[in-house]
Amino acid sequence: MIEVKNLFKSYESDFVLNDVSARFEKGKCNLIIGRSGSGKTVLLKSIVGLIEVDEGEIWYDHQKFSHLDTPSRQQIRKEMGVLFQGAALFDSLTVEDNVLFPLDMFTSQTRNDKLDRANFCLERVKVTGSNGLYPAELSGGMKKRVAIARAIALNPRYLLCDEPNSGLDPETGIVIDNLIKELTEEFQMTTIVNSHDMNSVLEIGDKVIFIYKGCKCWEGSRTEILKTDNVALNNFVFATNMAKQIKRS
Amino acid sequence: MKLLSHIGSYFLLMGRAFSQPEKHSILYRQTMREIEKVGINSFPIVVVISLFVGAVITIQTNFNIENPLLPKYLVGVTVRDSLLLEFSSTMVALILAGKVGSSIASELGMMRITEQIDALEVMGINSASYLILPRIIAAVLFFPILCLLSIMVGLFGGYLACTLGGVMPPSDYVYGIQYAFYPYYISYALTKTVFYAIIITSVSSYFGYNVKGGAVEVGRSSTRAVVQSSILILLANLILTRTILT
């Protein structure tokens, strides 16, 4: 479980996060949604510690991450898998070496054991026969899958994904979403997915948090989101004229 | 204020870079990779430039020592000392600042803007140590070899100017490059090269590591890395020459 309490973050005089509190549950896909610039990436980066918040607490199970020193944070980070918006695969390494990377860094397994684990992760995300390719030779969807394989290589307790299906066609996006959901349930991870894609929300959103102008504006499930009276959320969910007509009818 | 802020950030980054590496085996592997990238790949440019500069210094020195009272072998002495004292350390360092420095800054800059450095950090890896330390070690180990190579190739370039160009009798040149030789000059050149290696790799890494923005900023940081490294090399040259060449 990951919990954030009363997070504040401002740049100069503008609040990017304004008293955000939320609890992200284990074994579920917790989605943070909101318009571009609403503060959801800042929230996710604050949760992983890439951005320091001005005030507030971040808890990973029973550990107060926001108040830990760097070495203690690094210990928790070894239990995190993070999927970045652009996949963030290491350009100079092949697909196999990218997945082997965390295993080389943090385990003392034999080379064969590490290779077995890397191949298991790649098979799990349905990437086979591409071990020797470099990231530049992969499609967007493949990059995301390899990044997921790398993220789960160390059996993380927490999986954090920043817009996992951005830049992908809707069909591939849903494949990636479903993969994240399957892995979350299979390995009982606490998963947080940052998204502005309504397909993702409706497909995998066990719990949804709507961020609007830096504030948590709404919280609920994917079924509740379609029935809410929240104006800002309705404007976000039913953004097109056609969707607005469907909502009215 | 901005300069002080940069100096402070630079030393903080170096503090992180020189902290305990995650795994010594990984550091060794990375250092070997960097030796290839930073060192071995610089062989051709060092050889070509040193060869031509050695030949040109020989021709120019011979042209300037036309006095019949001055022995011809002084050309060899001048070429050798020019290479040892200045060219093969400082000039080669300036060339490497352009080649290696821009490469380091742009590579780290691209890693920064494509979130690869963030990916290292969230894995619990000290990205500064992982990315910067092997580059500094590789340069410190390999730049002195490039300096020695430059000295040898430069002297050979001078010899070729004598034999193929007929500038002066090769025997006088060979006598000259052996005449009144101070081995300390080699130590002096190598000491300077080690300092230059640290300046080039650390300054370039600093500019690349701290890129913010997009591709334009990566280009700017690469240019800044080369300019600042070059200025610091010239400043270090002055200080080191004043302090250790006594």
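1. Chain B, in this predicted model, is built from helices: its elements run α-α-α-α-α-α-α-α-α from the N terminus on. The secondary structure of chain B thus amounts to 9 helices and 0 strands. Along its principal axes, the C-alpha trace of chain B extends over about 70 × 40 × 35 Å.

2. Helix α6(B) deserves separate attention. The 37 residues of α6(B) should span 54 Å at 1.5 Å a residue, and this agrees with the 53 Å between its end C-alpha atoms. The helix α6(B) nevertheless has a kink of about 30 degrees at B:Phe142, shortly before the proline B:Pro144.

3. One partner of α6(B) is α2(B). The axes of helix α2 (residues 24–39) of chain B and helix α6 (residues 127–163) of chain B come within 8 Å and cross at roughly 45 degrees. That angle makes α2(B) oblique to α6(B). The crossing of these two helices, α2(B) and α6(B), is right-handed. On the α2(B) side, the residues that meet α6(B) include B:Leu27, B:Ile35 and B:Val38; on the α6(B) side, B:Leu133, B:Phe142 and B:Leu146 are among them. The residues of this contact of α2(B) with α6(B) comprise 12 nonpolar, 3 polar and 2 charged.

4. A second partner of α6(B) is α8(B). Helix α8 (residues 184–209) of chain B packs against α6(B) at an angle of about 150 degrees, and the two axes lie 8 Å apart. The helices α6(B) and α8(B) are therefore roughly antiparallel to each other. The crossing of α6(B) and α8(B) is right-handed. From α6(B), the contact draws on residues including B:Ile132, B:Ala139, B:Phe143 and B:Pro144; from α8(B), B:Leu190, B:Val194, B:Ile198 and B:Tyr209 are among the contributors. By class, the contact of α6(B) with α8(B) holds 16 nonpolar, 4 polar and 1 charged residues.

5. A further helix pair in chain B is α4(B) with α9(B). Helix α4 (residues 73–113) of chain B and helix α9 (residues 215–244) of chain B pack with their axes 8 Å apart, at an angle of about 145 degrees. The crossing of α4(B) and α9(B) is right-handed. The residues of α4(B) that meet α9(B) include B:Ala97, B:Gly98, B:Gly101, B:Ser102 and B:Gly109; among those of α9(B) are B:Ser221, B:Ser222, B:Ala225, B:Ser229 and B:Ser230. This contact of α4(B) with α9(B) has 10 nonpolar, 11 polar and no charged residues.

6. The last point concerns the interface between the chains. There, 15 residues of chain A are in contact with 13 residues of chain B. On the side of chain A that touches chain B, at least two residues each come from α2 (70–77), β6 (80–83) and α3 (95–106) of chain A. That side of chain A divides by class into 9 nonpolar, 3 polar and 3 charged residues.

Methods:
Residues numbered from 1 in each chain as written. Chains lettered and ligands numbered in written order. Predicted model: local features only at pLDDT ≥ 70, side-chain atom pairs only at ≥ 80, totals over all residues. Axes fitted to C-alpha atoms, helices over the stretch in contact; angles between N-to-C directions. Helix = DSSP H or I, 4+ residues; strand = E, 2+ residues; numbered from the N terminus. Parallel < 35°, antiparallel > 145°, perpendicular 65-115°, else oblique. Left-handed = near helix turned anticlockwise from the far one by under 90°. Contact = placed C-beta atoms within 7 Å. Nonpolar A, V, L, I, M, F, W, Y, C, P; charged D, E, K, R; others polar. Expected span 1.5 Å × (residues − 1). Bend = angle between axes of the 7 residues up to and from the residue.
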